[in-house]
Amino acid sequence: MIRKYVHFSISYAIAAMALGVFYREYTKALAFDGQTTLSVMHTHYFTLGMFVFLILALLEKSFALSEQRLMKPFLWLYNIGLNITGLGLFSRGLAQTDTAPLSRALDASISGMSGIGHILMGAGILTMLVALNRQAKNPG
């Protein structure tokens, strides 16, 4: 399982770097110099993707978290939630760099998408914490 966490970490690191380059080149091509959520995608994917899974690899080594059945739902909830949130940030960022205003419905849809992603990530984190607590109480 440690290897799986390291692979997730590598994947999110690559995505973070690609998003950083996209932000820089896209805003430069549009001569955009305002605030946009595209600028935070790089750090979100490094922090919430790469670092979280590196920490999980260390926790796996110490606590054998994979013995807990809750870890599979955690992986699904967290990864899906993080990427839905990322899609919301990306959509919002593209809209912010565009000069046309968003309709109220589209604006609410983007916010709703991000909200669902955050809820899934939060549920995933709680699931992982319950698994960690159970494993810490009853190791092996």
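Let's start with a single residue: R92 has a relative accessibility of 16%, so this arginine counts as buried, since the cut-off for buried is under 20%. R92 sits in helix α3. Leaving aside residues up to four places away in sequence, R92 touches T37, L102, D107, I110 and S111. One of these partners, I110, is itself among the buried residues of α4. Keep in mind as you look around that this is a predicted model.

Now step back to the whole protein. What kinds of elements does the protein have, helices or strands? There are four helices and zero strands, and from the N terminus on the order is α-α-α-α. The C-alpha trace spans about 55 × 30 × 15 Å along its principal axes. Of the 140 residues, 34% count as buried. The protein exposes about 8,300 Å², and carbon and sulfur atoms supply 67% of that area. Contacts also reach across the sequence: among those between residues at least 6 apart, 83% join residues at least 24 apart.

With that overview in hand, begin at the N-terminal end with helix α1, which covers residues 2-29. The 28 residues of α1 should span 40 Å at 1.5 Å a residue, and its end C-alpha atoms are indeed 40 Å apart, so expectation and model agree. Which residues of α1 are buried? They are Y5, S9, Y12, A13, A16, L19, G20 and T27. The cover over these buried residues includes α2 and α3, so it is worth looking at α1 with each of those helices in turn. Take α2 to begin with. The axes of α1 and α2 come within 8 Å and cross at roughly 170°. An angle over 145 degrees counts as roughly antiparallel, and α1 is therefore roughly antiparallel to α2. The residues that make this contact divide into 22 nonpolar, five polar and two charged.

The pairing of α1 with α3 has another geometry. Helix α3 covers residues 71-97, and it packs with α1 at an angle of about 0°, with the axes 13 Å apart. Angles under 35 degrees count as roughly parallel, so α1 and α3 are roughly parallel to each other. On the α1 side, the contact is made by K4, Y5, F8, Y12, L19, F22, Y26 and T27. On the α3 side, the residues are M71, L75, N79, L82, N83, F90, L94 and T97. Sorted by type, the residues of this contact are 11 nonpolar, four polar and one charged. You may recognize some names here: Y5, Y12, L19 and T27 also belong to the buried residues of α1.

Next, follow the chain out of α1. Just after the helix, A31 takes a positive phi of about 55°. Why pause at this angle? Most residues other than glycine have a negative phi. A31 is not a glycine, yet its phi is positive. A31 lies in the loop between α1 and α2, the latter covering residues 38-63. Is A31 buried or exposed? With a relative accessible area of 68%, A31 is exposed.

The loop between α1 and α2 also holds D33. At 75% relative accessibility, D33 counts as exposed. D33 and D107 are 74 residues apart in sequence, and their C-alpha atoms are 21 Å apart in space. D107, you will recall, is one of the residues that R92 touches.

A second positive phi turns up at A64, where the angle is about 50° although this residue is not a glycine either. A64 is found in the loop between α2 and α3. Its relative accessible area is 24%, so A64 counts as partly exposed.

The last stop is helix α4, residues 104-137. Its 34 residues should span 50 Å at 1.5 Å a residue, and the end C-alpha atoms are 49 Å apart, which agrees. The buried residues of α4 are I110, S114, G117, M121, G124, T127, M128, A131, L132 and Q135. What do these buried residues pack against? They pack against α2 and α3. Helices α2 and α3 are also among what covers the buried residues of α1. And α3 brings us back to the starting point, as it is the helix that holds R92.

Note on methods. Residues numbered from 1 in each chain as written. Predicted model: local features only at pLDDT ≥ 70, side-chain atom pairs only at ≥ 80, totals over all residues. Heavy atoms only, no water. Axes fitted to C-alpha atoms, helices over the stretch in contact; angles between N-to-C directions. Helix = DSSP H or I, 4+ residues; strand = E, 2+ residues; numbered from the N terminus. Parallel < 35°, antiparallel > 145°, perpendicular 65-115°, else oblique. Contact = heavy atoms within 4.5 Å. Nonpolar A, V, L, I, M, F, W, Y, C, P; charged D, E, K, R; others polar. Buried < 20%, exposed > 50% of the residue type's maximum accessible area, 1.4 Å probe, protein only. Expected span 1.5 Å × (residues − 1). Areas by Shrake-Rupley, 256 points an atom, 1.4 Å probe, with all protein chains shown as cover.
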